Amino acid sequence: MIKRITAISKSWLSLIKASTFVQSHLCTTIDSYNQNDAHLLLLSAVSYSKENISSEHHWLHWDSPEFGEYSKLSNPLSFSTPESDLCVFGTCNGPVCLEIYNRCSRYSSPAVIWNPCIRKVVKLPSPPSCFTSAEYRNYRKHESHGFGYDSHSNDYKVLRVVSLSDDHSDLSRFTTVVQVYSLARGSWRSLSASAVPVDLQGGGSERPDFVNDCLHMLEVRLDVYYDYQHQEHRKRGGDSFIAYFNLTTEVFGEIMIPEALRRYGCSISRYGESLALIKDKLYNPDDPANCGCDIWVMKEYGVAESWTFLYNIAMVQVTVYGFKRCGEVVLEEMDSANQRRMVSLDPKSKQIKVFGTENCNYYFMDSFVDSLVLLDHPEATSYQ
């Protein structure tokens, strides 16, 4: 539709590329979704050829009990190497952010912001180098990325957290760099060291979740203990907590989690306009009923006292990808024979809907909005 309008009239093109029109269109679309209960979900997966070349797949599904496929999206970039993948790590208001992930080095870097609705991309400049001196050569680097929207300045931002760590007790040796990319500025900036929490670590297995103008990460408080074998103090993981980064103020904060979950393996997910914690349970064939995971939800965002246990998902092993508006959970189930399948589970009725494309490894799901964001961006380029 956009291509037809722009081909007919230059004055119409000038109108729809105006920032005010792009923002007005976004607000109208969101209102329409809410009034008609017609929301969308973006799902992403990767598959591999015999030569170990990866192929990315992206679908839009209706966020409904039926969970029908709305459309399949074409890839914005032609990208194929034996070592690397181009992966989604966030979406907000239409734009989708992707990173290049090297499977050999396990190094990743934010690459592009993509709006599939208008088939435009903005390539991100390389982030500033860090930890390049010889003293860091033997340290392992951990990196994670988040993507969200600063509603105060109408700007889309990428958060990059890079950490180097060892287990010695000197906290100054646990080094973390935080960088923020602004789409409006078109550049990266690094936060001062004093603004970075000492417990913040990059490289977790999960992407930060965007809720209420903030990106949320599950972190572990560092404890110090005495190692009698080596006769020195060392660091180890302590209680878990949620660290958040406010994209408007660019300041970090904390949210406490239930005491019963602080020492257990948990993951975090967006749940509507709040957060959910998923407490994983290891499968024990002698106790098959006590497996799967427990779901906890913060009923009132930001209020630690409102954490509430909702239900248990009793499956051999599950990976939760997110929650639908109707309350169903989208997850990957693995049975005792290591057979995997993607399902949408109704936790009340226990009914499941199996979906997914064979030989595809799903890794991302989040809500999606059809928008014109990037249409007015001077660095945005079109693709076929």
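**Briefing: a pocket and an open sheet**

The second largest pocket has a volume of about 590 Å³. The structure is a predicted model. Two topics are covered below: the lining of this pocket, and a sheet formed by four strands in the order 16-17-18-19.

**Lining of the second largest pocket**

- The lining of the second largest pocket comprises 22 residues.
- Nearest to the centre of the pocket lie Ile30, Cys92, Asn93, Glu273 and Ser367.
- At least two lining residues come from each of helix 3 (19-36), strand 12 (209-211) and strand 24 (361-368).
- Of the elements concerned, helix 3 makes the greatest contribution to the lining, namely four residues.
- Sorted by class, the lining holds 10 nonpolar residues, seven polar residues and five charged residues.

**Open sheet of strands 16 to 19**

- Strands 16, 17, 18 and 19 form an open sheet in that order, and their pairing is antiparallel.
- Strand 16 (266-271) and strand 19 (307-313) are the edge strands, each of which pairs on one side only.
- On average, neighbouring strands of this sheet are turned by 25 degrees against each other, with direction ignored.
- In general, the strands of a sheet pair through backbone hydrogen bonds, in either a parallel or an antiparallel manner.

**Pairing of strands 16 and 17**

- Strand 16 and strand 17 (residues 274-281) run antiparallel and are joined by six bridges.
- Within this pairing, Ile268 stands opposite Leu277 of strand 17.

How values were computed. Residues numbered from 1 in each chain as written. Predicted model: local features only at pLDDT ≥ 70, side-chain atom pairs only at ≥ 80, totals over all residues. Heavy atoms only, no water. 1 Å grid on protein atoms, 1.4 Å probe; cavity = no way out; pocket = protein on both sides within 12 Å on 5 of 7 lines; lining within 4 Å. Points joined across faces, edges and corners; volume = space filled by probe spheres on them. Nonpolar A, V, L, I, M, F, W, Y, C, P; charged D, E, K, R; others polar. Pairing = 2+ DSSP bridges. Axes fitted to C-alpha atoms, helices over the stretch in contact; angles between N-to-C directions.
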